Amino acid sequence: MEFSKLEKDLLAAVADLHTLPQGAINIRKDGQAVLRRSSPNIEVIGKADRPGIDIIVKPGTTNEAVHVPVILTNSGFKDLVYNTFVIGEGADVLVVAGCGIHNQGTGVSRHDGVHEIIVKKGARMRYVEKHYGEGGPDGKRILNPSTVITVEEGAYAEMEMVQIKGVDDTRRTTTAYVYDQGNLKIIEKLLTHGNQEAESEIEINLVGTDSTAQVISRSVAQDGSRQEFKAALIGKERCNGHVECDAIIMGNAQIRSVPELVAESAEAILTHEAAIGKIAGEQLIKLMSLGLTEKEAVDTILSGFLR
Amino acid sequence: MLELRNVSLNLDGTNGAGKEILRNVNLKLERGKLYAITGPNGGGKTSLAKVIMGIYTPSEGQVLLDGEDITCLGITERAHRGIAYGFQQPPRFKGLLVEEIMKIARPNLDTVQLRGYLRDVGLCPEDYLDRDLGPGLSGGEIKRIEVAQLLARNAPVTILDEPEAGVDLWTIQKLISIITKRYKGNSQGIAIVITHNEQFLPVCDEIILLAEGSVQERGTPEQIWPLIRDDIVCKMKGQCGGSVYGVQ
């Protein structure tokens with residue numbers, strides 16, 4: 001499979017794919033799988049009834065990764081895909097997803113990803129999803145992922161979701177169920193600029209005893225962009241959950257941050273902290289006193305914050 | 001040489017009224033010397049340092065570095081001219097790592113030097129290089145990292161604003177010896193330390209006493225230390241009701 005420079009750049013931006021990796025992979029371009037490959041331990045199978053794939057990781061699989069990036073290059077193309085990930089008991093794997101849109105035309109390019117993730121007993125999964133958009137000023141780039149994740153007994157899942165550039169409009173919903181001694185960590189990093197809009201709604205149900213969850217959101221809103229972040233932790237048993245949302249606001253941007261805690265057990269320990277503020281003048285002055293220009297200082301602060 | 005000519009500074013106080021912070025300060029500071037600036041709280045010490053760094057622009061007067069008038073230069077330009085300032089209360093940065101800020105302070109710093117500067121301020125490099133400069137660090141730790149940046153920069157004009165604050169007693173002695181060794185008699189640089197520390201003041205080449213926004217006294221430690229020592233003793237007696245420890 002040969003990819004053009006444009007396609008390679010998109011794949012590098014969303015999945016750090018500079019060369020094609022070993023192991024299981026599925027690359028979806030403008031609604032079609034252009035490359036699909038299973039590995040001995042990770043099966044990638046097309047769904048029979050609707051667009052999308054099943055990714056089945058055999059129990060006990062360790063030190064393997066599966067890459068499932070999506071790219072859109074046809075202006076005006078609307079893509080809808082259903083993906084199911086089953087991470088077998090005791091496995092320990094990395095899932096690299098992500099969507100890159102190049103829209104040079106005037107249409108609305110849009111990708112709606114509906115994901116179901118099941119991390120079986122005692123398994124560990126790290127999931128990385130990057131969003132990236134590029135192209136001319138007239139086309140719109142929209143990404144609306146929705147994910148339902150189940151973290152079974154003693155399993156661990158870490159989801160890192162990053163959207164730094166070029167996506168005009170995004171609405172993300174993430175719903176999670178965490179069972180006994182399961183542990184879920186969600187890290188969201190978001191930068192919006194221009195007139196972009198981004199919404200993220202996370203609901204984590206801590207349904208098992210001694211389940212734990214942590215949500216870390218770091219976002220930067222520049223220019224006239226708008227962001228809304230909602231995170232709800234619902235503790236149904238003895239559990240521990242923490243939400244931390246930190247935002248830097250610049251220009252005429254607007255940020256709304258709504259953490260919610262729901263305890264349905266007296267043994268639930270749930271906490272949240274939320275902060276929105278501009279870059280502190282002291283921070284700029286400090287970095288400038290080390291020789292950076294004001295712009296370099298702002299860039300340094302933002303890139304550290306969104307690391 | 002760093003020279004302040006008739007420098008005055010007014011800052012907006014509460015209610016928008018101008019408050020006189022510095023009044024007609026004249027100072028000539030020479031290379032090869034370690035200067036201490038001391039004096040009561042609110043006397044203008046930190047403001048004077050910020051005027052030198054370009055953080056505050058004086059309402060009147062001039063700042064000259066090696067004969068060049070730098071009064072109108074911004075912070076970045078002054079940093080490039082070789083002025084470095086270690087903050088009294090350094091700001092925190094979520095996500096920025098100790099190693100990164102050290103390399104911003106001195107871009108060509110190699111790993112051996114970087115580790116050495118952290119050890120100089122009493123921090124174990126293994127534990128700190130990839131630490132984030134956010135709320136996870138204590139005030140004392142962030143202060144030491146600030147001093148390490150200044151040591152790494154090795155700038156021609158180095159201003160340290162209470163470097164000993166928040167640093168434990170064992171490290172203070174080491175810090176004083178590093179600073180004195182580096183700057184006393186070093187013809188390349190001028191070092192200015194804002195301090196109240198009774199171990200630090202006597203080893204500096206000169207002590208400048210700043211109070212109510214102007215230079216009250218200036219001279220060698222032999223000349224100035226007896227004057228301020230008595231003052232410190234009086235103040236401590238006043239505050240603690242008579243018992244004075246650590247001031248001989």
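The following conversation goes through the nonpolar core and the domains of chain A in a predicted model.

User: Which residues touch the most other members of the largest nonpolar core?
Analyst: They are Val178(A), Ile204(A) and Val193(B), in a core of 149 residues.

User: And which element gives the largest share of this core?
Analyst: Helix α6 of chain B, residues 139-153, provides the largest share, with seven residues.

User: Where does the core lie with respect to domain 1 and domain 2 of chain A, and why?
Analyst: The core lies between domain 1 (1-149) and domain 2 (168-280) of chain A, because both of them give residues to it.

User: Back to Val193(B): what does it touch?
Analyst: Leaving out residues up to four places away in sequence, Val193(B) touches Leu34(B), Ala36(B), Leu160(B), Pro163(B), Ile179(B), Phe200(B) and Cys204(B).

User: Changing topic, how far apart are the C-alpha centres of the two domains of chain A?
Analyst: The C-alpha centres of domain 1 and domain 2 of chain A are 23 Å apart.

User: How many residues are in contact between them?
Analyst: On the side of domain 1 of chain A there are twelve, in contact with nine residues of domain 2 of chain A.

User: Which elements give two or more residues to that side of domain 1?
Analyst: These are β11 (124-135) and β12 (140-151) of chain A. The most comes from β12(A), which gives ten residues.

User: How many residues on that side are nonpolar, polar or charged?
Analyst: Where domain 1 of chain A touches domain 2 of chain A, its residues comprise five nonpolar, five polar and two charged.

Note on methods: Residues are numbered from 1 along each chain as its sequence is written. Chains are lettered from A and ligands numbered from 1 in the order in which they are written. This is a predicted model: local features need pLDDT of at least 70, side-chain atom pairs count only at pLDDT 80 or more; totals for chains, interfaces and linings use all residues. A nonpolar core is a set of buried Ala, Val, Leu, Ile, Met, Phe, Trp, Tyr and Cys residues joined through C-beta atoms within 7 Å. A residue is buried if 20 or more other C-beta atoms lie within 10 Å of its own, exposed if 12 or fewer, and partly exposed in between; C-beta atoms are placed from the backbone. Helices (H or I, at least four residues) and strands (E, at least two) are DSSP runs, numbered from the N terminus. Domain bounds come from an automatic or database domain assignment. Two residues are in contact if their C-beta atoms, placed from the backbone, lie within 7 Å. Ala, Val, Leu, Ile, Met, Phe, Trp, Tyr, Cys and Pro count as nonpolar, Asp, Glu, Lys and Arg as charged, and the others, Gly among them, as polar.
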